[in-house]
Amino acid sequence: MYNTILYVVVIMAVIYGAFFYITYQRRRKLLNVMEHLDMDEEARQAPSYKDRLLETEYAFVKKQLGDQPADAFTYANTQYTGKDQAKDIAKDTLKGLATLGTVKFRTVQTPKYLVLSGGALHLMDTDTDGDITKHIVFEPFRLQQARIEEKPLSGMAKAQAKFGKFDLKLYKLYLPTEDGEVIMDIYNMLLFNFATSGGNALTMSPHKQVENIVVANHFLYVLGQKYPHLRVPTAIPFKA
C-alpha cells in the first residue's frame with residue numbers, strides 16, 4: 001500500500017514538474033521573441049492577423065456580422081466580482097438542494113466578443129458550448145457616452161504581466177444602455193479571463209501569443225480612432 005502511494009506521488013511530481021518546465025521554457029522563448037520583435041512590422045500585420053483569425057477559429061464571430069465588415073475584434077468578459085461569485089454559489093447550492101443533492105451545479109463565465117464594424121460596436125455572448133446566444137449592437141450615439149479606464153491587475157495576471165517589451169493591461173469599458181451601464185473587462189491580449197484562460201495563453205506558441213497581443217491592441221487602437229474619448233495607449237505603434 002505504502003509503495004503504491006509513493007509511486008503515485010512520484011508520478012504526479014514528475015507530471016507537474018514537466019508541465020512547469022515546459023511552461024517556463026515557452027515563457028522564456030516568448031520573452032526572447034518579444035525582446036526582438038519588430039513592432040512596426042507587427043503593426044502592419046495587424047489587419048492580416050485579424051482577418052486570418054476571423055476566417056478560421058473565430059469564423060462564427062464573422063458569421064454573426066453577415067455582410068458588415070469587421071474592423072477589429074477582441075475578447076471580453078462582464079465584470080465579475082466576489083459578490084457576483086457569492087450569488088452564483090448560493091444559486092447553485094439551491095439548485096442542488098432541489099435535486100436532493102443528486103446533481104451538483106456550477107455557474108461558469110463564458111467568453112464574450114467585441115467587434116467594431118463601422119461606427120457600431122457588437123457585443124456577442126456565448127454559452128458553454130461556444131455558440132453565440134446573444135448579439136447586442138451599440139450604435140454611435142451610445143458609444144459617444146461610453147468610457148474606459150485601466151484596471152489594476154491582480155493575482156496570476158499581475159505576476160505574469162511582463163513579456164519583454166509588452167506589459168499586460170486590463171481595461172474596464174463602460175457601455176451605456178437604457179437600463180444602466182454594461183461593464184466589460186478587456187485585456188490588451190486575446191484573453192477572456194486570465195484566471196481561467198491565462199494558463200492556456202502561456203502555453204501557446206510565441207507566434208500565436210504575439211498574434212493575440214497584436215489583434216487585441218489593434219482593437220483598442222481602432223476603438224480610440226473611432227472614438228477619441230475611448231483612446232488608451234497600445235503596446236503596438238499603429239499609424240493612421
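Student: How much area does the protein chain expose, and what share do carbon and sulfur atoms supply?

Tutor: Accessible area here comes from the Shrake-Rupley method with a 1.4 Å probe. The protein chain exposes about 13600 Å², and carbon and sulfur atoms supply 57% of it. This is a predicted model, in which local features need pLDDT of at least 70, side-chain atom pairs count only at pLDDT 80 or more, and totals for chains, interfaces and linings use all residues. Residues are numbered from 1 along each chain as its sequence is written, and side-chain values use heavy atoms, leaving out hydrogens and water.

Student: How many helices and strands does the protein chain have?

Tutor: Helices (H or I, at least four residues) and strands (E, at least two) are DSSP runs, numbered from the N terminus. The protein chain has 8 helices and 9 strands.

Student: In what order do the strands of the open sheet lie?

Tutor: Strands of a sheet pair through backbone hydrogen bonds, either parallel or antiparallel. Two strands count as paired if DSSP finds at least two bridges between them. Here the open sheet of 7 strands runs S4-S3-S2-S1-S9-S8-S5, with antiparallel pairing. Its edge strands, S4 (132-138) and S5 (147-151), each pair on one side only.

Student: Over how many bridges do S1 and S2 pair?

Tutor: S1 (residues 72-78) and S2 (residues 112-117) pair over 5 bridges, in the antiparallel sense. Ala72 has Leu116 in S2 as its bridge partner.

Student: Which helix lies across S1 and S2?

Tutor: Axes are lines fitted to C-alpha atoms, for helices over the stretch in contact (heavy atoms within 4.5 Å), and angles run from 0 to 180 degrees between N-to-C directions. Helix H8 (residues 206-226) lies across strands including S1 and S2, at about 100° to S1.
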